[in-house]
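Colleague: I would like to go through this model one element at a time. Please keep the answers short and end each on the item I asked for.

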Amino acid sequence: MASFRIAGDQHLKGEISPQGAKNEALQILCAVLLTDQPVTIHNIPDIRDVNKLIELLGDLGVQVKQLSPSSYRFQADQVDISILDTADYREKASALRGSVMLLGPMLGRFKTGRIPRPGGDKIGRRRLDTHFLGFEKLGAKFNFDSDESGMYHVDASHLKGTYMLLDEASVTGTANVVMAAVLAEGTTTIYNAACEPYLQQLCSMLNRMGAKISGISSNLLTIEGVDKLGGTDHTMLPDMIEIGSFIGLAAMTQSEITIKNCQIPQLGIIPDVFKRLGIKMEFRGDDIFVPAQEHYQIESFLDGGMMTVSDAPWPGFTPDLLSIVLVTAIQAQGTLLVHQKMFESRLFFVDKLIEMGAQMILCDPHRATVIGLNRQQQLKGIRMSSPDIRAGVALLIAALSAKGESIIDNIEQIDRGYQNIDGRLNAIGAKIERL
Ligand SMILES: CC(=O)N[C@H]1[C@@H](OP(=O)(O)OP(=O)(O)OC[C@H]2O[C@@H](n3ccc(=O)[nH]c3=O)[C@H](O)[C@@H]2O)O[C@H](CO)[C@@H](O)[C@@H]1O
Ligand SMILES: C=C(OP(=O)(O)O)C(=O)O
């Protein structure tokens, strides 16, 4: 188990470039299974979850060639689906959440798919009903081995397009069903589809491969099935969760940071939510400049009510940034209610922030209130452990702003989704040591 030792009270200054998006990469990499032609992908982040998925594709027989540190060419012309029954596949696929999206392409192209219960953050119940209900609507049979192997199976001799209303706008669920439906016979209509930028990117890439998807960026997708898909080139968007994390970090640590090449139009409501915390930022072309700010005041609602930030399916605010918003409010002026509607175990890390000196109340598993310190008092460094990827980075931000030294254990959670975060932050003035 690796750790970070972090020197507190650091003000950073400089430019930082966001990595390619983790959650887009996981969808896009799974899609290479849909064709026997070469698919070249650029701006792939060098992070644990993505590297594990690339390894898994290689195990399945996909030819993988690294062209540069962040570009790879894949060719799935010799896939061996017997690998799906091996203990090695089971172990590797269960290590990350994104592997669940291997199912849709496998079902579409090879008429069968297997996946163990997927890993990812332990942030509450993470059901997969949407995925399997969608596959069943397309005509697949679904089975779950309730023995210790815990494998999910989907099989279909023939997939047939249909209308479906998803039971929830699940991100990976929508990606999975889309990837099966592109090779089904006839037309599939998916209502209540998730429509976040990464899904838009996936659908556009599939269209470049020969799929016929319309309604991209809405919650109503229409997919005319085709017999075969071909190769393409694709470039990943910058990671919007990293961009939000850097905005929060700049505010908490009174740092002046320019976040480069953000593809601002793709960030949706994210910059506005940070602005409502009182954080100033300037859009300079496609860069976001966040000045060093001593004070930032949380707005109230127009009726004078306490500001609340809550998550919702896109174009609502992503749940993956709520932990960052929560930590950023610690040094603001004013009071904030953070309401995490989607996940039920993602706010428990506030006990560590309280131990550091934050004024916070965990109201229930879904809601926490932050009473901003307005720099009247500094957090103090402590030893803590990272419970999940986003809480891990929230703790890192708290530690950089604190008085004295902190240690964060279990940083594998952070490495799952943030590329060389210590090296990149040290380059603009942080003092983070990897132990
Ligand atoms: C690998 C990957 O891409 N992971 C992301 C993906 O996970 P993932 O695709 O697993 O998450 P889902 O979109 O399926 O659902 C997230 C949670 O929200 C709940 N829910 C979802 C939709 C809805 O309309 N109502 C509702 O309550 C679900 O029950 C679940 O608890 O999307 C989540 C939601 O943006 C992000 O936190 C994850 O980082
Ligand atoms: C919850 C997240 O990831 P995963 O779905 O991979 O667990 C996340 O990226 O914040």
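Colleague: Which strand is joined to β18 by 5 bridges?
Modeller: The model is predicted, and what follows is computed from it. Strand β18 covers residues 335-339, and its partner here runs antiparallel to it. One facing pair is Val338 opposite Ala368. Residue Ala368 belongs to the strand at residues 367-371, which is β20.

Colleague: Which residue in β20 is the bridge partner of Met360?
Modeller: Strands β19 and β20 pair in the antiparallel sense over 4 bridges. A hairpin of 2 residues joins β19 to β20. Across this pairing, the bridge partner of Met360 is Val370.

Colleague: Which are the edge strands of the open sheet that holds β17, β18, β20 and β19?
Modeller: The order of the 4 strands is β17-β18-β20-β19, with mixed pairing. From one strand to the next, the twist averages 20°. Pairing on one side only marks the edge strands, which are β17 (307-310) and β19 (360-364).

Colleague: Why is one side of β2 and of β15 left without a neighbour in the sheet?
Modeller: These strands belong to an open sheet of 4 strands in the order β2-β14-β16-β15, again with mixed pairing. The edges of the sheet are β2 (13-16) and β15 (282-284), so one side of each has no neighbour, because each has a single partner strand.

Colleague: Which residue in β16 stands opposite Thr258?
Modeller: Strand β14 (residues 256-259) and strand β16 (residues 287-290) run antiparallel and are joined by 3 bridges. Within this pairing, the residue opposite Thr258 is Phe289.

Colleague: At about what angle does helix α8 run to β16?
Modeller: Helix α8 takes in residues 240-252. The helix lies across β2, β14 and β16, and its angle to β16 is about 20°.

Colleague: How many residues does the contact between the domains take from domain 2?
Modeller: The domain assignment splits the chain into domain 1 (3-19 + 238-434) and domain 2 (22-235). Their centres, taken over C-alpha atoms, are separated by 31 Å. The contact takes 17 residues from domain 1, and from domain 2 it takes 16 residues.

Colleague: How many charged residues has the side of domain 1 that touches domain 2?
Modeller: That side of domain 1 has 5 nonpolar and 5 polar residues. The remaining class is the charged one, with 7 residues.

Colleague: Which element gives the most to the shell around ligand 1?
Modeller: Ligand 1 is surrounded by 18 residues, and the closest are Asn23, Ser170, Val171, Thr172 and Met342. At least two residues of the shell come from each of α1 and α6 (171-181). With 3 residues, the element that gives the most is α6.

Colleague: How many residues of the shell around ligand 1 are nonpolar?
Modeller: The shell draws at least three residues from each of domain 1 and domain 2. By class, 6 of its residues are polar and 5 charged, while the nonpolar ones number 7.

Colleague: Which elements give two or more residues to the shell around ligand 2?
Modeller: The residues around ligand 2 are Lys22, Asn23, Arg97, Gly98, Gly120, Asp121, Asp320, Ile389, Arg390 and Gly417. Elements with two or more residues in this shell are α1 (22-31) and α12 (389-401).

Colleague: How many residues of the shell around ligand 2 are charged?
Modeller: Both domain 1 and domain 2 contribute at least three residues to this shell. By class, 1 residue is nonpolar and 4 are polar, and the charged ones number 5.

Colleague: Which peptide bond is cis, with omega near 15°?
Modeller: Most peptide bonds are trans. The bond in question ends at Pro315, a residue in the loop between β17 and α10 (322-328). The cis bond runs from Trp314 to Pro315.

Colleague: Near what value is phi of Lys111?
Modeller: Most residues other than glycine have a negative phi. Residue Lys111, in the loop between α4 (103-110) and β6 (112-116), has a positive phi near 70°.

Colleague: Where does UniProt place the feature "domain: Enolpyruvate transferase"?
Modeller: The feature comes from an unreviewed UniProt entry. In the model, the span is 29% helix and 22% strand, and its end C-alpha atoms lie 14 Å apart. The record places the feature at residues 8-422.

Definitions and conventions. Residues numbered from 1 in each chain as written. Chains lettered and ligands numbered in written order. Predicted model: local features only at pLDDT ≥ 70, side-chain atom pairs only at ≥ 80, totals over all residues. UniProt positions renumbered as here; feature names shortened; annotations may be inferred. Pairing = 2+ DSSP bridges. Axes fitted to C-alpha atoms, helices over the stretch in contact; angles between N-to-C directions. Near = placed C-beta within 6 Å. Nonpolar A, V, L, I, M, F, W, Y, C, P; charged D, E, K, R; others polar. Domains from an automatic or database assignment. Contact = placed C-beta atoms within 7 Å.
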